[in-house]
Amino acid sequence: MLDANRLRVLVEIAHAGSIAAAAQRLSFTPPALSQQLTKLEREVGCQLVERGRAGATLTEAGLVLLDHGERVLGQLRDAEAAVRAVAGEPPGRLSLGAFASAGKVLLPATLAAFGSEHPHVRLSLSDVEPPGGYDLVTSGDLDLLITHRYPGTPLPRTGGLHRERILVDPLMAVAPTGHPITDRSLSLADLAGEEWICGAPGIHNRVTLDDAAAAAGVRLNVTYETRDYEVALALIEAGVGVALIPRSILGAARGGGWVGRPLKGASLAREIFAVHRGRVTEPVPAMVAILRRTAARALDYSGGAPGGDGAFHR
């Protein structure tokens with residue numbers, strides 16, 4: 001039977017990308033961790049990891065074992081939590097992973113409310129950009145993942161995890177105050193001559209913008225490439241360019257000098273999900289419940305003057 005601790009070594013190498021980084025995370029020396037990996041490879045009778053100057057790459061056999069290993073480690077952690085719950089021991093920790101803008105829009109109110117209701121639980125937070133993080137939930141390194149999907153990008157396989165959509169976040173066309181969009185919603189065809197601000201090719205919001213432009217039969221000029229919505233809004237406030245920005249980001253934004261409106265002729269939105277293992281114990285359900293409440297308020301807009309058609313003015 002395979003040793004669970006050696007499975008952990010393989011999982012950590014896969015997640016960290018190198019033997020040295022995995023050794024640091026596990027408080028091993030690199031030679032000691034390599035020795036554990038060699039013993040695991042001897043147990044299964046084949047090479048699991050290809051070692052190179054650029055890091056460690058799992059072989060086909062290593063990837064197969066990784067899939068099983070992540071699930072085994074997650075189930076062992078679930079078993080430990082279940083036994084502690086039966087013994088009457090309150091849960092002591094909760095680890096979250098979230099993408100950057102969720103950290104601004106959803107997490108402050110969520111973590112504050114959770115901390116007030118569950119002061120005995122120690123929280124930890126890691127930055128995890130989509131589509132990553134599912135493997136960390138499977139292995140139990142994360143108890144809860146907050147992730148997103150933009151139009152035109154596929155959702156990762158859940159692999160037995162539970163994925164719940166907690167927010168549909170409309171993408172708004174945003175331009176400087178005084179732009180024609182201030183008075184009425186415009187289509188992509190109307191905005192085809194603008195300088196656009198968006199992520200680089202392959203980034204989620206760029207895929208959405210490129211697909212929407214192709215569907216509208218127009219070619220857009222992305223002049224300024226950034227995946228940071230705060231940078232995009234700062235450029236727009238300075239009178240530079242236009243962008244598609246999630247409504248929740250606009251509601252949380254500070255500053256002014258821009259207006260956001262729904263894009264005419266297109267209904268585009270990013271979806272935000274909470275992902276956790278199938279069998280969960282407290283405090284994960286409590287955190288998800290608070291996330292739902294926060295998400296329900298995330299599209300509210302309290303600053304400026306919302307227009308009758310859903311416009312944001314700043």
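Here are three short exercises on the predicted model shown above, each with a worked solution.

**Exercise 1. The chain as a whole**

Find how many helices and strands the chain has, and what its C-alpha trace spans along its principal axes.

*Solution.* Start with the secondary structure: the chain has 11 helices and 12 strands. Next, turn to the dimensions: the C-alpha trace spans about 70 × 45 × 30 Å along the principal axes.

**Exercise 2. Burial, contacts and surface**

Work out what share of the residues is buried, and what supplies the exposed area.

*Solution.* First, recall the cut-off: a residue is buried when its relative accessible area is under 20%. By that cut-off, 45% of the 314 residues count as buried. Then look at the contacts with a separation of 6 or more: residues 24 or more positions apart account for 75% of them. Now for the outside: the chain exposes about 15,100 Å², and 52% of this comes from carbon and sulfur atoms. Finally, count the charges: there are 32 positive and 33 negative side chains, and the centres of these two sets lie 2 Å apart.

**Exercise 3. The cavity**

Locate the largest cavity and name the elements that each supply at least two residues of its lining.

*Solution.* Begin with the count, which comes to 1 cavity of 30 Å³ or more. The largest cavity holds about 70 Å³ of space. Now find its lining residues on the model; among them are Leu171, Cys198, Asn205, Thr226, Tyr229 and Ile245. Last, match the lining to the elements: β7 (195-198), α8 (204-216), α9 (229-237) and β9 (243-246) each give at least two residues. Well done!

Technical notes
Residues numbered from 1 in each chain as written. Predicted model: local features only at pLDDT ≥ 70, side-chain atom pairs only at ≥ 80, totals over all residues. Heavy atoms only, no water. Helix = DSSP H or I, 4+ residues; strand = E, 2+ residues; numbered from the N terminus. Buried < 20%, exposed > 50% of the residue type's maximum accessible area, 1.4 Å probe, protein only. Contact = heavy atoms within 4.5 Å. Areas by Shrake-Rupley, 256 points an atom, 1.4 Å probe, with all protein chains shown as cover. Lys, Arg positive; Asp, Glu negative; His and termini not counted. Charge placed at Lys NZ, Arg CZ, Asp CG, Glu CD. 1 Å grid on protein atoms, 1.4 Å probe; cavity = no way out; pocket = protein on both sides within 12 Å on 5 of 7 lines; lining within 4 Å. Points joined across faces, edges and corners; volume = space filled by probe spheres on them.
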